[in-house]
2 protein chains.
Amino acid sequence: MGQHTVTSFDDELDHVDRLIRDMGDLAGSMVQGSTRALLNSDTALAQRVISDDAVMDAKQRELDDRAITLIAKRQPMAQDLRAVVGAIRMAADLERIGDLAKNIAKRVGAVGQSATPRGLSHSIEAMSGMVLGQVNGVVDRYVADDAEALMKLRADDEKIDVQYTAVFRELLTYMMEDPRNITACTHLLFCAKNLERIGDHVTNIAENAYFVMTGEQLPAQRPKLDETSMTVAAD
Amino acid sequence: MGQHTVTSFDDELDHVDRLIRDMGDLAGSMVQGSTRALLNSDTALAQRVISDDAVMDAKQRELDDRAITLIAKRQPMAQDLRAVVGAIRMAADLERIGDLAKNIAKRVGAVGQSATPRGLSHSIEAMSGMVLGQVNGVVDRYVADDAEALMKLRADDEKIDVQYTAVFRELLTYMMEDPRNITACTHLLFCAKNLERIGDHVTNIAENAYFVMTGEQLPAQRPKLDETSMTVAAD
């Protein structure tokens, strides 16, 4: 097989990787934008996040088409095949992160009509900051080919789950205090759940990226806990 | 190219299709089981649905591996490639349906501690019946190669969205009536949302199946509406 063919495969794979990076950047920007829009009742920013989702979808379609053509045309083996299939899977998770950010953005109107208490805003902001760090971190680690850092990053998802449980409890309390809070809190509940799910998608991406790099599954997979599914009222 | 090769490709594709049917059957059984467990506080049934999700995941992995190997080994063109890629995408949606059913099942314990009012149970049961019909229907139509019926089935997702909005409003009302309902209703809210999302995944499957059959996108894609993201309190 000539050097030309090999280079060309690498070029095509580079293009696929570039799409992953683009999608990762966009996912980070959408997560940041949607939470900022939510906490500041910024409907213009929310609208931008909603529009961004179409860009994300288009990028995923482009990546899928390129990756499938690459497999069919080049019949890559072992590590190369793993890289292409891994890219398809990571793109699917990034696209889902975009969907979830869009869903947060769509709730800005319904939540914004009532004031969110400061304590609750802080809790949601803290959660969103953790999630954003994970989204930006996972693509950076993949690009840097840093498998060790991916293991650590996956473990950090636990902190998001803990924070989500705290937000969930705060929201329940706040709803019980005053029925007029119920509608807004219900939407905030879905927003917090979306952030928690974004964390799970980051975990998936970390696992796929690790597999692409090492050919091995990440050891002792941590179950993606949502402890609130067992949570009942505090008292 | 000899007859043997052609037949063998078809055999392999048949196997992939059989996995889709298996996953479809399992998805239907999980959706039915999870809602039944929820409405009857049947924790044993809930546990079975939770276990079934591991079977679903294993089937998806098997399908993915087979499909990717098929593409790499056989380099299928046009319709054949479409069928294999379509199967990968349908399997991803079926797997997500399994996840959502599992999430409903996991909430049975938290909800079961309080009695769900009869009217609300009926609304959730009606919604679940619609969703189950869609899940079972979409795989049947795909197997029967009935593209026309898929168009109709996709349109029926709208009824689920309408029913979800009704359930959402009922839950808000019920929470406002008595704060002691808030915890259970919050979990029911997530269950209803999961059912609505299962409907969206059925829509995706219908679109993919239609594309596999016809090589064309379903016309005038209906946006997957969740009107409750804009819903505020009734009064």
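The exercises below concern how chain A and chain B fit together in a predicted model.

**Exercise 1.** Find how chain A and chain B are related, and which residue of chain A comes closest to the rotation axis.

Solution.
- Step 1. Lay chain A on chain B: a turn of 180 degrees with a shift of 0.0 Å along the axis does this, and the RMSD is 0.0 Å.
- Step 2. The two copies are therefore related as by a two-fold rotation axis.
- Step 3. Look along chain A for the C-alpha closest to this axis; the residue is Ala72(A), at 2.8 Å.
- Step 4. Compare the contact residues of the chains: 100% of those in chain A recur in chain B, so the same surface serves both copies.

**Exercise 2.** Describe the extent of the contact between chain A and chain B, and the area buried there.

Solution.
- Step 1. Take contact as heavy atoms within 4.5 Å. On this basis 36 residues of chain A are in contact with 36 residues of chain B.
- Step 2. The area buried between the two chains is about 3,200 Å², and carbon and sulfur atoms give 63% of it.

**Exercise 3.** Identify a salt bridge between the chains, then say which helices of chain A supply the side that touches chain B.

Solution.
- Step 1. Between chain A and chain B there are 2 salt bridges. In one of them, the side chains of Arg89(A) and Asp64(B) meet at 2.9 Å, N to O.
- Step 2. At least two residues each come from helix 2 (43-74), helix 3 (78-106), helix 7 (157-177) and helix 8 (182-214) of chain A.
- Step 3. Helix 8 of chain A gives the largest share, 8 residues.
- Step 4. Sorted by type, the residues on this side of chain A are 18 nonpolar, 9 polar and 9 charged.

How values were computed
Residues are numbered from 1 along each chain as its sequence is written. Chains are lettered from A and ligands numbered from 1 in the order in which they are written. This is a predicted model: local features need pLDDT of at least 70, side-chain atom pairs count only at pLDDT 80 or more; totals for chains, interfaces and linings use all residues. Side-chain values use heavy atoms; hydrogens and water are left out. Copies are superposed by least squares on the C-alpha atoms of residues with pLDDT of at least 70 in both. Buried area is the accessible area (1.4 Å probe) that two parts lose on being put together, summed over both. A salt bridge is a side-chain nitrogen of Lys or Arg within 4 Å of a carboxyl oxygen of Asp or Glu. Helices (H or I, at least four residues) and strands (E, at least two) are DSSP runs, numbered from the N terminus. Ala, Val, Leu, Ile, Met, Phe, Trp, Tyr, Cys and Pro count as nonpolar, Asp, Glu, Lys and Arg as charged, and the others, Gly among them, as polar.
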